[in-house]
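Subject: Structure handover

Hi,

Here is the structure I promised you. Please open it next to this email and follow along.

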Amino acid sequence: MPSGGRGERIMRKKLPVGIESFEKLRREDFYYVDKTGLIRDLLYNWGEVNLFTRPRRFGKSLNMSMLKTFFEIGCDRSLFQSLEIMKETTLCEDYMGKFPVIFVSLKGVGAQSFSAALGMLKSLIGNEALRFSFLLESSLLNETEKRQYQALINLDTEGHFRMSEEVLTNSLWTLGGLLERHYGRKVILLIDEYDVPLDKAEQYGYYDEMALVIRNLFQQALKGNDSLQFAVLTGCLRISKESIFTGLNNPKVLSVTESRFDEYFGFTDAQVRKMLADYGIGDCFGTVKEWYDGYHFGKKDVYCPWDVINYCDSAKDDPSIQPEPYWGNTSDNRIVRRLLQKADRQTRNEIEKLIAGEAITKTIRQELTYKDLDSSIENIWSVLFMTGYLTQCGRLPDNRWRLMIPNLEIRWLFETQIRAWFEETAVGDSVRLRTFCTALLEGDAEKVEKELNVYLRSSISIRDNSVRKAKKENFYHGFLLGLLKSMEGTWSVFSNEESGDGYSDILIEVPEQGVGVVIELKYAERGDFAGACREALTQIEKRGYTETLELDGMETIIRYGIACFRKRCRVQKGQ
């Protein structure tokens, strides 16, 4: 394996950022991490209905596209050339290109109203049915069957599909039966991100209506369907049988806790090392591992592929580039906000442990509905686990699991959400906030310390464990900035502003009063508040952090050294 230094020949293949079509990826020669072993393992272990549950952005859609390309009649065998599945000669002869395939992705079915979401669902299924327009001319279908097909693809004058509710409910069952009649082969049904419509429906208040539609659609398509070879579904959650899978005979659920198929969703250590080396950035492996590794699916440790691909795409041109929370930036992170909003003292203590790199023990419910989220804070922990915000590091009896934050990206996400939550709650107490800010401008260190300690006791802090000192200081820095943010408009607040011979933590200017404030924050290792305050004030003086305030004409300049340790602080005013 190449070392990955910048002197190596650099891979020229394009990286598949956002590419979810297996055919496009292979035809246009994008870089591909081979996951075709999934096909082999599925054929050796498939059930009539197979449900893979994994977090978003872990390769579910690309794998489903791969399955479609492999099984569908007319498969181009060259797309699989040199890939792992081609070693399975008998399987390829028996299954490759031998089946009609229906493939619908429900990830785009989300709207603020039920009627709009229903229209999206009809459009998805109608457009999939249009792929098989040759059925209208098929000599193997009678006129009644052709009319059934026509009902699936009828459009109104504005181009919207005119399916009745009955036609929609039977649509996948009907289409499968017609394809079996035409080809004389049973159908493979692929449904990607099946639970997205339910997630959006819960968010916008029409969950019951959408759940009924999805339940009826799935019952017809998946229960006792003689035209079905097998079905594969993907999603984030295993929705309870009572909500969606009513009456189905034990669908095979392959979740993040299952050891089967564990390496096919996500990148392994070896795959990441090879990708980075191929693009001449093997030296970045440590950064990638720290930021994007840490997920434990079954018995495998995996990286989030979305993160690795995006980072590699940027770092191949600039190896010094800083890692970004690519996965976190593609999610609305509502579930973390719900946890914070419902958190009691015990839950906040558990969040502190997680941010510090510790594990907590929770009972996990793998069968939930999206409506269950607010019924118990324990359900929120379960969803955080199944959707990728937490991972497991050991199983205990009675379905209890040891949970932890997988990597720096998710820790950053938690800290960002905590700060946002804190800013909202702090601003809500306008009297206390005004008292704190007034004391800050008046140089009343004792009152500043008193009020800041009240905020710290009611919030979530960084514990003195595995997190580096600089990371802890950054946390309290962001915490204090959240308080000061409410004063924007009347105060000028600068963070990490260049001043003198360095960068001060926080500078404040209040031109109307001619007052400037410089704040240096330190983490008080082992609770040494006095030493940390002295260090902070010494740094202000040695590096001339007041220079900017002086140049801007601030007549009164107040210096604060603030030392923090868990939920306590010490505030000392400089001379």
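Start with an open sheet of five strands in this predicted model. The strand order is β2-β3-β4-β1-β6, and the pairing is parallel. Which strands stand at the edges? They are β2 (101-105) and β6 (252-254). Each has a single partner strand, so one side of each is left without a neighbour in the sheet. On average, neighbouring strands here are turned by 15° against each other, direction ignored.

Now look at two of the pairs. β1 covers residues 49-53 and β4 covers residues 228-235. They pair in the parallel sense over five bridges. Find T53, then look across to β4: its bridge partner there is G235.

The other pair is β2 and β3, again parallel and again with five bridges. Here I102 stands opposite L189 in β3. Is β2 mostly covered or mostly open? Mostly covered: four of its five residues are buried.

Cavities

Keep I102 and L189 on screen. Both belong to the lining of the largest cavity. The other lining residues are L172, W173, G176, V187, A221, N225, S227 and L228. The space inside is about 60 Å³. Two elements, α7 (165-183) and β3 (187-192), each supply at least two residues of this lining. The largest share comes from α7, with three residues. By class, the lining has seven nonpolar residues, three polar ones and no charged ones.

How many cavities of 30 Å³ or more does the whole structure have? The search finds four. The second largest has a volume of about 40 Å³. Its lining is made of L452, L456, Y476, F479, L480, L521, I562 and C564. By class, that is eight nonpolar residues, with no polar and no charged ones. Three elements each give at least two residues to it: α18 (445-458), α19 (469-484) and β16 (556-565). The largest share, three residues, comes from α19.

The largest pocket

Next, turn to the largest pocket. Its volume is about 1000 Å³. It is lined by 44 residues. Which of them lie nearest its centre? Look for R56, R57, F58, K60 and E193. Four elements give two or more residues to the lining: α3 (60-71), α8 (196-204), α12 (305-315) and α13 (334-342). Of these, α3 gives the most, with four residues. The lining divides into 23 nonpolar, nine polar and 12 charged residues. Compare that with the cavities: the largest cavity has no charged residues in its lining, and the second largest has none either.

Cysteines

You may want to check for disulfides. A search of the whole structure finds zero. Take C304 as a test case. Why is C304 not in a disulfide? The closest cysteine sulfur is in C236, and it is 11 Å from the sulfur of C304, too far for a bond. The cut-off for a disulfide is 2.5 Å between the sulfur atoms. C569 is in no disulfide either. The nearest cysteine sulfur to it is that of C564, 5.5 Å away. You have met C564 already, in the lining of the second largest cavity.

Are C304 and C569 buried or exposed? C304 has 0% relative accessibility, so it counts as buried. C569 is buried too, with a relative accessible area of 4%. Both values fall under the 20% limit for buried residues.

The whole chain

Last, zoom out. The chain has 575 residues, and buried residues make up 55% of them. It contains 21 helices and 17 strands. Along its principal axes, the C-alpha trace spans about 95 × 55 × 55 Å.

If you only have a few minutes, take these stops in order:

- The sheet: begin at the edge strand β2 and follow the order to β6.
- The largest cavity: find I102 and L189 among its lining residues.
- The largest pocket: begin with R56, R57, F58, K60 and E193, which lie nearest the centre.
- The cysteines: look at C304 and C236, with sulfurs 11 Å apart.

Best wishes

Key: Residues are numbered from 1 along each chain as its sequence is written. This is a predicted model: local features need pLDDT of at least 70, side-chain atom pairs count only at pLDDT 80 or more; totals for chains, interfaces and linings use all residues. Side-chain values use heavy atoms; hydrogens and water are left out. Buried means under 20% relative accessible area, exposed over 50%, partly exposed in between (1.4 Å probe, protein chains only). On a 1 Å grid over the protein atoms alone, a cavity is a set of points where a 1.4 Å probe fits but cannot get out, and a pocket is an open set with protein on both sides within 12 Å along at least five of seven lines; lining residues have an atom within 4 Å of a point. Grid points are joined across faces, edges and corners, and a volume is the space filled by probe spheres set on the points. Ala, Val, Leu, Ile, Met, Phe, Trp, Tyr, Cys and Pro count as nonpolar, Asp, Glu, Lys and Arg as charged, and the others, Gly among them, as polar. Two strands pair if DSSP finds at least two bridges between them. Axes are lines fitted to C-alpha atoms, for helices over the stretch in contact, and angles run from 0 to 180 degrees between N-to-C directions.
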